[in-house]
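Please work through the exercises below with the sequence and the model at hand. Try each task before reading its solution.

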Amino acid sequence: MQTARAMAKFKVALVQLLVSPVKSDNLKRASELIKQAAQQGAQIVALPECFNSPYGTKFFPEYAEKIPGPSTQVLSDVAKECGIYLIGGSIPEEDSGKLYNTCTVYGPDGTLLVKHRKIHLFDIDVPGKIRFQESETLSPGDSLSVFDTRMLDSA
């Protein structure tokens, strides 16, 4: 016989969005998609990496924010409005003169549950083909992150 916990079901939404160079447009679009997912029953919603800015080492310094900041405030507000767990993809974060690729997670009351800095930065160098080095701009995080949820059940 299965326990109630083992039988619990919930919906997760994974959001994709086309990112523009206008941060406020990205935040507005992300909010709309989060709300749409919540209206369709999602209890956990996850945004993509660098959802508030173009992805590229040249963009990270320009779009970087402190946490809390404008982007994370929007995430907190929409998580609370929708009563969901929100995994905020990532944003370029500035802290003490360093830049990080940081994911924030919010509970249904809008509380920040976790701030995770990307540990394994993406570096590739294929001679004559492609070179992309996150480590030239970003600093790595130094710890794993977990967060608890109350038991979710969509029944």
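The exercises that follow treat single residues, charged pairs and aromatic rings in turn.

The model is predicted, so local features need pLDDT of at least 70 and side-chain atom pairs count only at pLDDT 80 or more, while totals for chains, interfaces and linings use all residues. Residues are numbered from 1 along each chain as its sequence is written, and side-chain values use heavy atoms, with hydrogens and water left out.

**Exercise 1. Describe the place and surroundings of S90.**

Step one is to place the residue: S90 sits in the loop between β3 (85–87) and β4 (91–95), where strands (E, at least two residues) and helices (H or I, at least four) are DSSP runs numbered from the N terminus.
Step two is accessibility: S90 has a relative accessibility of 5% and therefore counts as buried (buried means under 20% relative accessible area, exposed over 50%, partly exposed in between, with a 1.4 Å probe and protein chains only).
Step three is its partners: beyond the neighbours within four places in sequence, S90 is in contact with residues including P48, E49, C50 and N101 (contact means heavy atoms within 4.5 Å).
With N101, the side chain of S90 also makes a polar contact of 2.5 Å (a pair of N or O atoms within 3.5 Å; within protein, one must be able to donate a hydrogen and the other to accept it, and residues adjacent in sequence count only if both atoms are side-chain atoms).

**Exercise 2. Is Y106 buried or exposed, and which side chain makes a polar contact with its side chain?**

Begin with the strand: Y106 belongs to β5, which covers residues 98–106.
Its relative accessibility is 3%, so Y106 counts as buried.
Among the residues in contact with Y106, leaving aside neighbours within four places in sequence, are T72, L75, Y85 and L112.
The polar contact is made with the side chain of T104, at 3.2 Å.
Finally, compare positions along the chain and in space: Y106 and I130 are 24 residues apart along the chain, and their C-alpha atoms are separated by 36 Å.

**Exercise 3. Which residues form salt bridges with K118?**

The structure holds eleven salt bridges (a side-chain nitrogen of Lys or Arg within 4 Å of a carboxyl oxygen of Asp or Glu).
One partner of K118 is E49, with the closest N and O atoms 2.9 Å apart.
Because E49 lies in the loop between β2 (42–46) and α3 (60–63) and K118 in the loop between β6 (112–117) and β7 (123–126), this pair ties together parts that are 69 residues apart in sequence.
Another partner is E134, whose salt bridge with K118 has its closest N and O atoms 3.0 Å apart.
That pair also links distant parts of the chain, since E134 is in the segment after β8 (130–133), 16 residues from K118.
As for accessibility, E134 and K118 are both buried, whereas E49 is partly exposed at 38%.

**Exercise 4. How are the rings of F59 and Y63 arranged?**

A search of the whole structure finds four aromatic pairs (ring centres of Phe, Tyr and Trp, the last by its six-membered ring, within 6.5 Å; planes under 30 degrees apart count as stacked, over 60 as edge-to-face and the rest as tilted).
The ring centres of F59 and Y63 are 6.3 Å apart and their planes stand at 70°, so this pair is edge-to-face.
F59 is partly exposed at 24% relative accessibility, while Y63 is buried at 5%.
To complete the solution, note one aromatic cluster, formed by Y55, F60, F122 and F132.
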